[in-house]
Every structure is written in C-alpha cells, then in structure tokens.
Amino acid sequence: MNNFKILTVISIISILVTSCGFNTKDKTTEAKVNIICQDVSNMEESKPIKKDIEDGTLLSLPENTVRNYGFIDNENLMILIQHSEDSESSFCLYNIYTDILKEITKGKSFNFNYLSKNKKKILYSTNSHIKYEKNIAVTTTKYRKNYIYDIDKNVSRYIPELEGCTKAIFADYNGRYILDNSFKKFLDTETNEIKTYDDIFSGTWGYSVDRNCSHPFPNNKLYFKGDHIIYEGLDKEFDEELAHHNVGIYSLDTETMSIDEPILSLPEVICTLDKGPTDIYYISQFDFINDGKSIIFAGTYEKHPGIFIYDIDTKEITKVVFSYNVSSYNLSNDKTKILYCINENPEDESMYLAHIDKNTLITKKCLYKEVQLNLSSWWSPDDTFFLVNEKEYSSSPEVDGCRFDKIRKFNISNK
C-alpha cells in the first residue's frame, strides 16, 4: 500500500471539468438514489410564453445598469451603474415603482460580496490601489478594501480587519458576523473581535463559500459545498498518482472552527491527478428546504446533470429536473417555489416555475419556451412577484460584458 500524503490547504478552486475513469466505495454515510425519480417534464404545464411576450409588466432600469443584485425590500433593487469604460461605477438603490435612484457609493473595481439575510446590510469591496505598468493602470487585489453599508442608517463603514480579503460573507441573519473565504478569519463587527485559525482544514480541499453557508446560524453551523481530496502514491510517476475525491455538503462549527462530518456525502471518486470528479459528481448550488429536512441541489449525480432533492433522514436522492444542461436555479425566500432554466442547445433557453411539495415538484409553468435569450431572475422578499431579465445573445462588445435591455415583472397567484 502506497503511503498517503496530506497536502496543505488551498484556496477556492474550480474542480477540473474533464471526465475520468473512476471507482466508488459503498459507505453507510453516502446517499442512494431513490428508485422512484419524478421527471417534471412529464407534468402538465400551461401554454408557454413565446418571444412576443404579453404576460408580465415590462420595466426599465436606469441607463448603463450593468449589474442587478436583487431586492433589498419589495420596491428597491440594488444595482451597479457603470457610466463608461473609464469612469467610476456607482452602487445604487433603485425603486421600480417611483424610479427614484439613490446612490450608495462610487468608485472603481467594485465587487459585491453579500446581502445580509435580513436585507439590512450590504457587504462590498473595492480595489484602492492602482499601479501603472507601461503607462497602463492596473488594479491589484492585494490592497482590496471591504465595507459594510447599513441601509437604514445610510452609512458605509470600512472594515480594516478584512483588508486584502478578496471575498467574504455574512455568517448570520443580521449581518453582524463576517467569515472570509479562507475560513481562517471570523469577525464580530460589533466588538471587532476576530477569531483566527491556521489549521481549519486537514488535507487538500476544493470548496466554495457562498450564501448557502449561513443556514442555520443558531446552531453555529455554516454549510458549504466541498471536495475533500486525499492523494495516494506520490512516489510513483505522475500519471500513476491517484486522487481520492469526496464531494459533499460539509459544515463548519464557528465556535470550535472545526469541520464536521458531511451532511451529504456523494460516493468517493478515485482518478489520476489530471482528472476530476465533476462529470460524475458535482454540486453547483444547494439550499435547505422542508423545514431543514431536505436539501435541494443542482449539479451532477452519477453522470446525470439536473436538479435533485436529498432527504436527510432517509438519505435518498430524487432527481426532479431532467436536463442535458441545467446548473442553477432560483429558490423563493419561503423555499416553496423554484425558477430554473434549461438549455437544450447553446442559444435556446427555456424557463420554468414550479412549486415544491415535500421532495418533488408540482404545478410546473413554462414561462419561456426555447427563446434566444439569456434569462436571469430575482424574487421579491415577500415572494409575491419576481423579475426576469431578457438579455439577448449578442457578440457585440458591451460595457462590463453585461446589458439589461428588458426587465419583466411577473406576479405570483396564491390560488
């Protein structure tokens, strides 16, 4: 048996997308596929909306809006306006009913990190340092500064403890605690107390910190999608070295800063170092539903891409969306409704709205059927309506690579 070697912690990485030959081990903690998988494409659906859309209310965002981060309340969107390629950008709040535009702050190289769960605080960062290389201005992340904007007080606060941090999240409902993307710094913004740990992870990890992490904070747990990797055979030739991948959903205890056993563990994948498990097992996003009894996630399970629901008690996985290409979804705030898009080819996109009933989907409605649009959506905080951006596919250059031509508002019927 070759010696195993544990490598040092690495920062956020994207797992290689190439396929690999693999072996799997049976584990009592690993999930099993429910033999009764529902295909929502067989569900009865309403007549789809075509390109000449008549349903929904068409809204206009301010000129040069390049980012829409969603609602802070039932009227105001947080947006980013970029006036030109060379000028400063502005974080703004925009009222979709009154057209009132309120600037939060302006600057260059803005990066939006997170909106607190109570939608009262905004965590954002910007590069404050610009150096010149051959008369060309180059910004660096080394001097990135992080700020918290208090929406009610209308003030921004600089957080010096996070200087240089390229990404961070709010770790609680009210936006008091901040966790940096390396899992090594945990900040209380009221007391300025910092917990720092140099050895949170053992082994090598590919992991992603995002808004899923803060559920549920009362038990001091932050959940994240991760790939725990152990390497084997480092004394062999490179092409014979093996990597053991353990993809799953793990939790970080913020009191002890230790990682617990995964709440969802997919079967282990073993392949050579130049390969990865992505084509076999992959989680792109997840959320807790059914009062924390189930997890809905998008990704790939046993080479089949789609959207799945995992029952925590029975450890069964049900595939609820079958598609060749679906990597994400948009869950309502009450976690009972879901918007998702399917691409059967690169330029034809379909969008669906469905309701979640325990571990399945019901009452599917087709909103857009095979349209040549790049669709994205945002739920209102009370889930009574949502917005859809109808961005046309285009190869023409755009400011910041993004464009908001048409935003359509759809109301939700409670019937």
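# Reasoning behind the labels in this model

Reader: How many disulfides does the structure hold?

Author: The structure holds zero disulfides. The model is predicted. A disulfide here would need two cysteine sulfur atoms within 2.5 Å.

Reader: Is Cys341 called buried or exposed, and how do you know?

Author: The relative accessible area of Cys341 is 16%. Buried means under 20%, so Cys341 is buried.

Reader: What about Cys366, buried or exposed?

Author: Cys366 has 0% relative accessibility and therefore counts as buried.

Reader: Why are strand 16 and strand 17 said to pair?

Author: Pairing takes at least two bridges. Strand 16, residues 185–188, and strand 17 have three bridges between them, in the antiparallel sense. Because three meets that minimum, the two strands pair. Lys185 stands opposite Thr196, which is in strand 17.

Reader: Which sheet order does strand 16 belong to?

Author: The order is 14-15-16-17, an open sheet of four strands with antiparallel pairing.

Reader: What makes strand 14 and strand 17 edge strands?

Author: Strand 14 (168–170) and strand 17 (194–196) each pair on one side only. On average, neighbouring strands of this sheet are turned by 20° against each other, direction ignored.

Reader: How do you know that strand 29 and strand 30 pair?

Author: By the bridge count: strand 29 (residues 337–345) and strand 30 (residues 348–357) are joined antiparallel over eight bridges. The rule asks for at least two, so the pairing holds. In strand 30, Leu353 is the bridge partner of Leu339.

Reader: Where do strand 29 and strand 30 sit in their sheet?

Author: They sit in an open sheet of four strands, ordered 28-29-30-31, with antiparallel pairing. Its edge strands are strand 28 (329–331) and strand 31 (360–371), each pairing on one side only.

Reader: What is notable about the backbone of Lys335?

Author: Lys335 has a positive phi of about 60° although it is not a glycine. Most residues other than glycine have a negative phi. Lys335 lies in the loop between strand 28 and strand 29. Its relative accessibility is 28%, so Lys335 counts as partly exposed, between the 20% and 50% limits. Thr363, found in strand 31, also is not a glycine and has a positive phi, of about 45°.

Reader: Why is the pair of Phe91 and Phe110 called tilted?

Author: The ring centres are 4.6 Å apart and the planes stand at 40°. The distance falls within the 6.5 Å limit, and the angle is neither under 30 degrees nor over 60, so the pair is tilted. It is one of 20 aromatic pairs.

Reader: What does the pair of Phe91 and Phe110 tie together?

Author: Phe91 lies in strand 6 (residues 89–95) and Phe110 in strand 8 (residues 110–115), so the pair ties together parts 19 residues apart in sequence. Phe91 is buried because its relative accessibility is 1%, and Phe110 is buried because its relative accessible area is 16%, with buried set at under 20%.

Reader: What makes the pair of Phe91 and Tyr124 edge-to-face?

Author: The planes of Phe91 and Tyr124 are 70° apart, with 5.3 Å from centre to centre. An angle over 60 degrees counts as edge-to-face, so that label applies. This pair links Phe91 in strand 6 with Tyr124 in strand 9 (residues 121–127), 33 residues apart. Both Phe91 and Tyr124 are buried. A cluster linked by ring pairs includes both residues, with Tyr69, Phe110, Phe112, Tyr147 and Tyr158.

Reader: How do you know that Lys145 lies over the face of Tyr158?

Author: Lys145 is at 5.2 Å from the ring centre of Tyr158 and lies over its face. The distance limit is 6 Å, so that condition is met. Lys409 lies over the face of Phe385 at 4.6 Å from the ring centre.

Reader: Which residues have the most contacts inside the largest nonpolar core?

Author: They are Leu123, Ile178, Leu179 and Leu252, in a core of 21 residues. Strand 14, strand 15 (177–180), strand 16, strand 19 (221–232) and strand 20 (242–253) each give two or more residues to this core. Strand 14 gives the largest share, three residues.

Reader: Is Glu190 buried or exposed, and why?

Author: Glu190 has a relative accessible area of 55%, and exposed means over 50%, so Glu190 is exposed. It is found in the loop between strand 16 and strand 17. Glu190 and Tyr177 are 13 residues apart in sequence and 8.4 Å apart in space, C-alpha to C-alpha.

Methods:
Residues numbered from 1 in each chain as written. Predicted model: local features only at pLDDT ≥ 70, side-chain atom pairs only at ≥ 80, totals over all residues. Heavy atoms only, no water. Axes fitted to C-alpha atoms, helices over the stretch in contact; angles between N-to-C directions. Buried < 20%, exposed > 50% of the residue type's maximum accessible area, 1.4 Å probe, protein only. Phe/Tyr/Trp six-rings, centres within 6.5 Å; stacked < 30°, edge-to-face > 60°. Lys NZ or Arg CZ within 6 Å of the ring centre and 35° of its normal. Core = buried A, V, L, I, M, F, W, Y, C linked by side-chain atoms within 4.5 Å.
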